[in-house]
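Student: I'd like to practise reading local features off a model. Could you walk me through a few?

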Amino acid sequence: MPSATSPWRSLFARRTYLAGAFWAAGLIVSRLAGAPDHAGWLAIRIDPAGLLYTAAAITGGANFFGAGLRAVRSLRLDMNFLMSAALLAALLIGEAFEAATLAFLFSLAELLERYSVDRGRRSLAHLLELAPETAERVASDGSLATVPAAELRIHDIVRIRPGDRIPVDGQVVSGVSAVNEATITGEALPQGKAAGDAVFGGTLNTDGTLDVTVTADAAHSTLARIVELVRQSESRRAPVELFVKQFARVYTPVVTVLAVLVIAAPPLFGFGSGLDWFVRGITLLVIACPCALVIATPVTVVSALTSAARHGVLIKGGEHLETLGAIRALAVDKTGTLTTGRLEVTAFETDARDAERLLRAIITLESRSEHPVGEAFSRWGQTYGMTPAGEVQCFISVPGQGVRGVAHGLELTVGTERLVGRSLAARWNEGEPGSTVVYADAGEAGSGKITLRDQLRPEAAATIARLHQLGVRPIVLLTGDTAAAAHPVAQLTGVDDARCRLLPSDKIDAVRELRMRYGTTGMAGDGVNDAPALAEASVGIAMGAAGSPATIETADVALMADELTKLPYAVHLARRARRIIRFNIAFALGAKLVLAVGAVMGVVSLAVAVLVGDMGGSLAVTLNALRLARIRDDH
């Protein structure tokens, strides 16, 4: 059932229903009684059918008479003026049936347009309803109390049971479960959650019980920000939409003058009767109404923005949608975009007699480090059941080089060749291109070499190939890493070029060069480290923006999930939207041109003009735009 704010329950809708009822009743009575449709100049038929038609014309006309009058006062003639003039003229010449048909069908077309736009907005706003109204808050003594979700404050702890929706954004403090985050990221597969992981309001807890500390209240949750930003985005007009509106401001008074000339000029020179040319001129006014032309862009933009948001892609307005659909070149960051951004241990070699003891000592010592290498050792150790254990003595961290300390009775140094010395590093073969090598020195107890690599995203190569299919070329890798780290990634993913050892200012220069050479250029990165380059690009695309308020607010396009496959989906959607917008505009103008010629020749009636030229055109462009909702993320 529609909500109380639905277009179907508005005053505009009630007038349309009443006009339709009067029009249908008049049609039935007229056919049963065989009454004539025409009453003559300045005459209102007083038979039942004529009165019903007049009531339909007045009731439906009330929807646009006021706006038409304001258009005249402001000297900005628009579609409301055209329809008001045509309706009053039809009543003036006694064409009550045509007046009723015009009033009802135009109101119905306008109502369908309002519904199509509101449908997209409501489909996104319904996401907010997924967040539960109440939550179980855990008190300091461990007791539970059910409270409204709106009363939750930062640092409160809430308990989420299996099958419950998470009320607000938070961080897991205890428990293990899987959470379906499709409402935020568009990813249908549940994501594993444990202590320290972030969760989002409106997502569904599927398995275990979680205790979550609140990090944002309900009004500032990720879900609420997404909905609000899409609402704001609808007011940011695409360039083609601004052009159409400016065109319509000139187009409407021009066709009004043409209609007046059609009415006045032929009879003045003795070509036919005044009434015949008057009807043709009024028909031309109806045909010229730019309804379908004006709604061709906004209804498509709204449909595209809401469809993208449901699939985890936040596009910040019609101008960015159009730019995204026009990109020819693309710059991409390496770390966190084409790669996972996390170092993983890929090999461990040692000459120690007790390899397990040395490995445990390395893991325990590195657990004290905050460097990504230390995190990689901890994750690697967990896969073999080797968690950090025991005390670390004399711990020293050497920035940019490694760590030293005593663990498991071993005096140990773990770090770069510079820290352990060239003589020890020379015992081992060089690492594979693109890898990071760390050496371990435990003195007489032995030494070792650990190879780490920032793993390539499994979907990276397929994503680049899909972008190439969409005509995005060249795709250029921009990174601050060395050539040894960048070129293997470039080769495996299929990017067209790789530029290495770039500072943030160098990335800006590279993006600027691509724009000058290829035109519209996109930049995809993590949204934080690559912020300057994202701003320089024609459209900046941020990866994995969920949970990052700054990234969501600043990016032109934000891929909420940390999934590269969302990028070709977004480009494909934007390109389809651009094609639909241009087709709709061409269709609206072409149909009006054909009908206008027919009206001047006297072969297109007033009823046909409103049914085909106005309502038909509006309905056609609306249904065409709604096709965007069927585009899926096919990864």
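**Reading the features one by one**

Tutor: Let's begin with one residue: G405 has a relative accessibility of 5%, so it counts as buried. Keep in mind that this is a predicted model.

Student: Where does G405 sit, and which residues does it touch?

Tutor: G405 is in strand β14, residues 402-407. Leaving aside residues up to four places away in sequence, G405 touches L365, Q393, C394, F395, L410, E411 and L412. Take Q393: it is twelve residues from G405 along the chain, and their C-alpha atoms are separated by 5.8 Å.

Student: And the chain as a whole: how many helices and strands are there?

Tutor: The chain has 23 helices and 22 strands. Of its 635 residues, 52% count as buried. For contacts between residues at least 6 apart in sequence, 68% join residues at least 24 apart.

Student: Now helix packing. What do I look for when two helices pack?

Tutor: Two packed helices are described by the angle between their axes and by the distance between those axes. Here, try α3 (residues 65-73) and α4 (residues 79-92): their axes come within 8 Å and cross at roughly 110°. That angle makes α3 roughly perpendicular to α4, since 65 to 115 degrees counts as such. The crossing of α3 past α4 is left-handed.

Student: Which residues of α3 and α4 meet?

Tutor: From α3 come F65, A67, G68, A71 and V72, and they meet N80, F81, S84, L87 and L88 of α4. The residues of this contact between α3 and α4 divide into seven nonpolar, three polar and no charged.

Student: On to sheets. In what order do β6, β5 and β8 stand?

Tutor: These three strands form an open sheet in the order β6-β5-β8, with antiparallel pairing. β6 (191-193) and β8 (204-205) are at the edges with a single partner strand each, so one side of each has no neighbour in the sheet. Look at β5 (residues 177-180) beside β8: two bridges join these antiparallel strands, and V179 has N205 in β8 as its bridge partner.

Student: What about β3: which of its side chains are buried?

Tutor: The side chains alternate along β3 (residues 157-160): V158 and I160 point to one face and are buried, while I157 and R159 point to the other and are not. As for pairing, β3 and β1 (residues 134-138) are antiparallel over three bridges, with V138 partnered by I157 in β3. β3 also runs antiparallel to β9 (residues 210-214), joined by four bridges, and there V158 stands opposite V212.

Student: Last topic, the backbone. What is the usual sign of phi, and what is the usual peptide bond?

Tutor: Most residues other than glycine have a negative phi, and most peptide bonds are trans. In this model, H155 has a positive phi of about 85° although it is not a glycine. H155 lies in the loop between β2 (144-148) and β3, and its relative accessibility of 67% means that it counts as exposed.

Student: And H408: what is its phi?

Tutor: The phi of H408 is positive, about 55°, and H408 is not a glycine either. You'll find H408 in the loop between β14 and β15 (410-415). With 32% relative accessibility, H408 counts as partly exposed.

Student: Which residues does a cis peptide bond join?

Tutor: R473 and P474 are joined by a cis peptide bond, with omega about 10°. P474 is in the loop between α17 (460-469) and β18 (475-478).

Methods. Residues are numbered from 1 along each chain as its sequence is written. This is a predicted model: local features need pLDDT of at least 70, side-chain atom pairs count only at pLDDT 80 or more; totals for chains, interfaces and linings use all residues. Side-chain values use heavy atoms; hydrogens and water are left out. Axes are lines fitted to C-alpha atoms, for helices over the stretch in contact, and angles run from 0 to 180 degrees between N-to-C directions. Angles under 35 degrees count as roughly parallel, over 145 as roughly antiparallel, 65 to 115 as roughly perpendicular and the rest as oblique. A crossing is left-handed if the near helix is turned anticlockwise from the far one by less than a right angle, and right-handed if clockwise. Contact means heavy atoms within 4.5 Å. Ala, Val, Leu, Ile, Met, Phe, Trp, Tyr, Cys and Pro count as nonpolar, Asp, Glu, Lys and Arg as charged, and the others, Gly among them, as polar. Two strands pair if DSSP finds at least two bridges between them. Buried means under 20% relative accessible area, exposed over 50%, partly exposed in between (1.4 Å probe, protein chains only).
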